Amino acid sequence: MINRILRYALIFVLLLLLQLFLFNNIQFSGYVNPYVYILFILLLPVEIPAWLLLIISFFTGLIIDLMTGTPGMHTSATVLAGFARPYVLRLISPREGYETGSGPSMFVYGFKWFLLYTIFIVLIHHFLLFYLEVFRLSDFFNTFLRVLLSSLFSVIFILLLEYIRRGK
């Protein structure tokens with residue numbers, strides 16, 4: 001149990017550092033901003049209680065907000081992603097169900113399953129994040145393009161980090 005908590009704490013710290021010092025500096029024409037810290041929410045165990053998932057999501061977004069000067073935007077988007085996660089997991093659940101004690105992983109449930117899972121959560125997160133940033137519907141199409149492009153790059157980087165994490 002302690003090993004598992006330490007492993008998740010290490011993943012949390014590494015993803016936050018990567019986000020703050022590397023991925024926050026990646027911007028292409030203002031349309032692509034990859035956010036890979038969401039991988040932490042994606043990797044939490046399937047059987048985690050909903051209340052704990054929301055608290056972890058809140059503090060993950062809060063830390064990013066405090067470090068980047070975006071008051072509440074990442075917090076609300078990450079809490080929404082944490083809230084939606086059990087519904088997404090139920091929607092795309094494998095026939096055999098989920099293995100007890102395992103986190104959602106590409107290497108346990110397959111590439112196609114993990115890709116679909118990641119796309120759903122990243123789109124939910126990015127949609128709220130970017131529309132909160134703009135906070136108007138008059139730029140709907142520009143913001144929607146930004147959501148799609150940033151989601152694409154975020155998913156690509158999350159998949160690469162998942163491969164690196166497993167060392168395969």
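Helices α3 (50-68) and α4 (73-91) are roughly antiparallel to each other (angle over 145 degrees). The structure is a predicted model, in which local features require pLDDT of at least 70 and side-chain atom pairs pLDDT 80 or more, while totals for chains, interfaces and linings use all residues. Residues are numbered from 1 along each chain, and side-chain values use heavy atoms, without hydrogens and water.

The axes of α3 and α4 are 7 Å apart and form an angle of about 155°, and the crossing is right-handed. Contacts (heavy atoms within 4.5 Å) join residues of α3, including L53, L54 and F58, to residues of α4, including V79, F83 and R85.

The largest nonpolar core (buried nonpolar residues joined through side-chain atoms within 4.5 Å) contains 42 residues, and L39, F40, F114 and Y117 have the most contacts inside it. At least two residues each are supplied by α1 (2-21), α2 (38-43), α3, α4, α5, α6 (111-134) and α7 (140-166). The largest share, eight residues, belongs to α6. Beyond four places in sequence, Y117 contacts I41, L42, R85, V88, L89, I92 and P104.

S105 is located in the loop between α4 and α5 (106-109). With 1% relative accessibility, S105 is buried (under 20% relative accessible area, 1.4 Å probe). Residues touched by S105, apart from those up to four places away in sequence, are G110, W113, F114, E162, R165 and R166. A polar atom of the S105 side chain lies 3.2 Å from the backbone nitrogen of F107. The C-alpha atoms of S105 and L148 are separated by 23 Å, at 43 residues apart along the chain.

Conventions: Helices (H or I, at least four residues) and strands (E, at least two) are DSSP runs, numbered from the N terminus. Buried means under 20% relative accessible area, exposed over 50%, partly exposed in between (1.4 Å probe, protein chains only). A polar contact is a pair of N or O atoms within 3.5 Å; within protein, one must be able to donate a hydrogen and the other to accept it, and residues adjacent in sequence count only if both atoms are side-chain atoms. Axes are lines fitted to C-alpha atoms, for helices over the stretch in contact, and angles run from 0 to 180 degrees between N-to-C directions. Angles under 35 degrees count as roughly parallel, over 145 as roughly antiparallel, 65 to 115 as roughly perpendicular and the rest as oblique. A crossing is left-handed if the near helix is turned anticlockwise from the far one by less than a right angle, and right-handed if clockwise.
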